[in-house]
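The exercises below are meant to be worked through slowly, with the sequence and the structure side by side. Try each task on your own before you read the solution that follows it.

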Amino acid sequence: MSIRGNKYPPKPKPRQGRRLYIPGHVDPDVMRETVLAFLAEERRAAEADRAAQAAAGEAYAGIKFDLDLAPGLVPPDPRNAELIRWCRRFDARGLTPRYPGGAHGNLSYRRAPGGAAFVITATQCTFDRDMTEADLVCVEAVDPVAGAVRAVGVRAPSSETLLHAALYAAFPGAHAVVHGHSDLLLAHAGALGLPCTAREVPYGSRELAEAVLAVAGAGPVVIMTGHGFVARGADLDAAGRAVVDLVDRVLGRAKGGRA
Ligand SMILES: [Zn+2]
């Protein structure tokens with residue numbers, strides 16, 4: 001017996017995140033060509049992805065800003081490893097839920113005090129053991145009005161790049177920003193006294209960044225209504241711990257059974 005006449009076309013599967021591995025000793029010209037070829041292939045795959053998803057009627061939009069990406073790796077910095085560590089920690093705690101080929105969340109650190117540049121996780125990046133510095137992107141300049149981003153990397157920066165940029169611009173003391181999704185924190189936002197955005201706004205938009213800034217003065221951890229959380233801190237440990245501590249408080253409360 002054969003099954004035929006499938007009423008709906010199959011939904012295209014999201015592309016699995018690919019990584020570029022760069023060996024320790026490699027001729028600079030070879031590396032440059034490798035990186036350029038990788039980027040060209042990624043771009044082709046992303047276009048095919050978008051076309052397939054548009055054909056299936058899905059509202060996939062990817063990044064929502066114009067990107068000027070110079071191929072290269074992020075500058076060496078001990079905080080790159082720290083950033084990756086926090087990504088894995090968030091993954092382990094379920095704070096950046098996985099989807100095929102990516103994680104619902106993005107983490108960054110500011111390069112230098114008073115500066116606009118920051119290093120952020122790439123879009124469609126999985127926060128697992130395979131994560132390397134090639135999954136990080138250095139954002140050098142953001143024009144929020146034009147919706148334009150200039151960056152150095154081998155991947156596109158996170159779709160929430162505008163949100164990170166807005167927080168760094170508004171809070172000079174913030175040197176790390178972490179965003180993730182947690183039903184637990186959303187459900188307990190009121191009890192924890194966390195500032196919440198007034199309404200749900202589309203991800204990756206300038207409106208979302210503005211909605212967060214409107215309430216962010218009330219505390220370092222902000223709940224984005226219907227979406228997730230975003231926290232800022234003096235460094236990655238401060239921003240990451242602020243979130244983990246809140247989750248632990250909720251869990252402790254749940255275990256103790258008392259408010
Ligand atoms: Zn999100």
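**Exercise 1. Decide whether valine 244 is buried, exposed or partly exposed, and find where in the chain it sits.**

Solution. Begin with the count of surroundings: valine 244 has 16 C-beta neighbours inside 10 Å, and because a residue needs 20 or more to be buried and 12 or fewer to be exposed, valine 244 counts as partly exposed. Next, place valine 244 in the secondary structure, where it belongs to helix H7, which covers residues 236-256. Finally, look across the fold: the C-alpha atom of valine 244 is 8.7 Å from that of leucine 95, although 149 residues separate the two along the chain.

**Exercise 2. Describe the chain as a whole, including the confidence of the model.**

Solution. The model is a predicted one, so the first step is to look at its pLDDT, which averages 87 over the chain, with 84% of the residues scoring at least 70. Residues 1-12 fall below 50, and this stretch has five contacts in the model beyond near neighbours in sequence. The second step is to list the secondary structure, which comes to seven helices and ten strands. The third step is burial: the chain has 259 residues, and 34% of them count as buried. The last step concerns contacts between residues with a separation of 6 or more, of which 65% join residues that are 24 or more positions apart.

**Exercise 3. Check the length of helix H2 and work out where its buried residues lie.**

Solution. Helix H2 runs over residues 78-92, and at 1.5 Å a residue its 15 residues should span 21 Å; the end C-alpha atoms are 22 Å apart, which agrees. The buried residues of H2 are Arg79, Leu83, Trp86, Cys87, Phe90 and Asp91. They cover an arc of only 140° around the axis, so they are on the same side of H2. On the face turned away from that buried side, we find the exposed residues Pro78, Ala81 and Ala92. After H2 comes glycine 94, which has a positive phi near 70°.

**Exercise 4. Describe how helices H3 and H6 meet, and how each of them is buried.**

Solution. First take the geometry: the axes of H3 (residues 161-170) and H6 (residues 206-216) come within 9 Å and cross at roughly 35°, and the crossing is right-handed. The contact is made on the H3 side by Leu162, Leu163, Ala166, Leu167 and Ala170, and on the H6 side by Arg206, Leu208, Ala209, Val212, Leu213 and Ala216.

Then turn to burial in H3, where Thr161, Leu162, Leu163, His164, Ala165, Ala166, Leu167 and Tyr168 are buried. Since eight of its ten residues are buried, H3 is largely enclosed by the rest of the structure.

In H6, the buried residues are Leu208, Ala209, Ala211, Val212 and Ala216. Seen down the axis, these fall within an arc of 160°, so they line one face of H6. Their cover includes H3, together with strand E9 (221-224) and strand E10 (228-233).

**Exercise 5. Examine two glycines, 105 and 147, and state which parts of the chain each one touches.**

Solution. Glycine 105 is in strand E4, residues 105-110, and with 25 C-beta neighbours inside 10 Å it counts as buried. Leaving aside neighbours within four places in sequence, glycine 105 is in contact with Phe90, Leu95, Thr96, His179, Gly180 and His181. The C-alpha atoms of glycine 105 and histidine 181 are separated by 6.6 Å, although the two residues are 76 apart along the chain.

Glycine 147 lies in the loop between strand E6 (136-143) and strand E7 (148-153), and its 16 C-beta neighbours inside 10 Å make it partly exposed. Again leaving aside neighbours within four places, glycine 147 is in contact with Lys64, Phe65, Asp66 and Arg206.

**Exercise 6. What is the sign of phi at glutamine 124, and is this residue buried or exposed?**

Solution. Most residues other than glycine have a negative phi. Glutamine 124, however, has a positive phi of about 50° although it is not a glycine. Its place is the loop between strand E5 (118-121) and E6. With 25 C-beta neighbours inside 10 Å, glutamine 124 counts as buried.

Note on methods: Residues numbered from 1 in each chain as written. Predicted model: local features only at pLDDT ≥ 70, side-chain atom pairs only at ≥ 80, totals over all residues. pLDDT = per-residue confidence, 0-100. Contact = placed C-beta atoms within 7 Å. Helix = DSSP H or I, 4+ residues; strand = E, 2+ residues; numbered from the N terminus. Expected span 1.5 Å × (residues − 1). Arc of directions from axis to C-beta. Axes fitted to C-alpha atoms, helices over the stretch in contact; angles between N-to-C directions. Left-handed = near helix turned anticlockwise from the far one by under 90°.
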